[in-house]
Amino acid sequence: MNASGPLHHLLRLIAGTAESEISCSECFRLLPQYAELELADPSAVVAPSPLSQHLQQCGVCREEYEVLRDLLRADAGPPPSEPT
Amino acid sequence: MIVAAVNARTNAEWLRALKSGGEDQAVALADLRAYLLRAATFALERRGGVAAPHLSQLAEDCAQEAVVAVLAHLDDFRGESRFTTWAYVFAINRALMAARRERWQNVSLDALLATSPTTSDRAAAETPAENPERRMLQHELEVTLWKGMDECLSDRQRQAIRAVVLEAVPLDEVVRHWQSNRNAVYKLLHDARRKLRAYLEAHGYSAAEVRAVLDDR
């Protein structure tokens, strides 16, 4: 929920609405590749895409994506420590 | 938690083993189940709010459901990611759905979904800005939005917007209550947002203007 209230959250979702949006099923299909890509190169998923747009609009799909991303990070192990 | 002593496989080796029958298949199934149990447990621990004694059993159930789902969808795997990443999504999906169900099982959605937002809901949904001028601009935008909801949306669309967006009910719970599916309810919400976007545009609020009034940078 946005800090400025549910109505403003709704307004932001409306402002971010696209004429055509992918379905939750299509999101489910694209999620594994997207999460791996982000893990390998975060800059590769910066550009807006139908999937990132869906993740902004759909809370349950976004939650699944965030858990998958965190699980892949855990699988990959800790990030290398900063050189001293 | 670590997936211990499972065999590393290429995507092709996973598919071959899971479809092979015999000992190779049994070993691959055990390995798959270990991966999915890890994913379900991770999801429940991270997001579920499920009590510890119950978590293990719930994770086991979700992993088992996910194994069945993965096997049923093997032919849908296109090799666009690692097989295990693709399979993880099934377990995470089952685990988060189960966690949401547990969290919302004692909440009645009947009253929420049977009515439209009331005047008190409308007042409660607003959080005024501190700046008086911005507060006025936001109030005008909010009034226009409420009018749009009254004039443009079907009862079903209003109920979905109210539940999922204004009351933060998980989409899955609305799906379950209506005995529908995610795609259908998401489309209902998308159609509602498109109508409201068109209504706001017709009343002078482009997407950029909406963001400006909300003071989004």
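Leaving aside neighbours within four places in sequence, which residues is S81(B) in contact with? In this predicted model, the partners come from both chains. They are P32(A), Q33(A) and E36(A), together with N11(B) and W86(B). S81(B) sits in a loop of chain B, between α3 (52–72) and α4 (83–104). Its relative accessibility is 7%. The residue therefore counts as buried, the cut-off being under 20%.

The contacts of S81(B) with chain A belong to a wider interface. In total, 44 residues of chain A are in contact with 49 residues of chain B. The area buried between chain A and chain B is about 4400 Å². Carbon and sulfur atoms give 63% of that area.

Polar and charged pairs were also counted. Nine salt bridges link chain A and chain B. One salt bridge joins the side chains of E19(A) and R194(B), with an N to O distance of 3.3 Å. Between chain A and chain B, 23 residue pairs are in polar contact, both residues being at pLDDT 80 or more.

On the side of chain A that touches chain B, four elements give two or more residues: α1 (6–15), α2 (24–40), α3 (50–57) and α4 (59–76) of chain A. Of these, α4(A) gives the most, with twelve residues. By class, this side of chain A has 22 nonpolar residues. Twelve polar and ten charged residues make up the rest.

Definitions and conventions
Residues numbered from 1 in each chain as written. Chains lettered and ligands numbered in written order. Predicted model: local features only at pLDDT ≥ 70, side-chain atom pairs only at ≥ 80, totals over all residues. Heavy atoms only, no water. Contact = heavy atoms within 4.5 Å. Buried area = accessible area lost by both parts, 1.4 Å probe. Salt bridge = Lys/Arg side-chain N within 4 Å of Asp/Glu carboxyl O. Polar contact = N/O pair within 3.5 Å; in protein donor to acceptor, adjacent residues only side chain to side chain. Nonpolar A, V, L, I, M, F, W, Y, C, P; charged D, E, K, R; others polar. Buried < 20%, exposed > 50% of the residue type's maximum accessible area, 1.4 Å probe, protein only.
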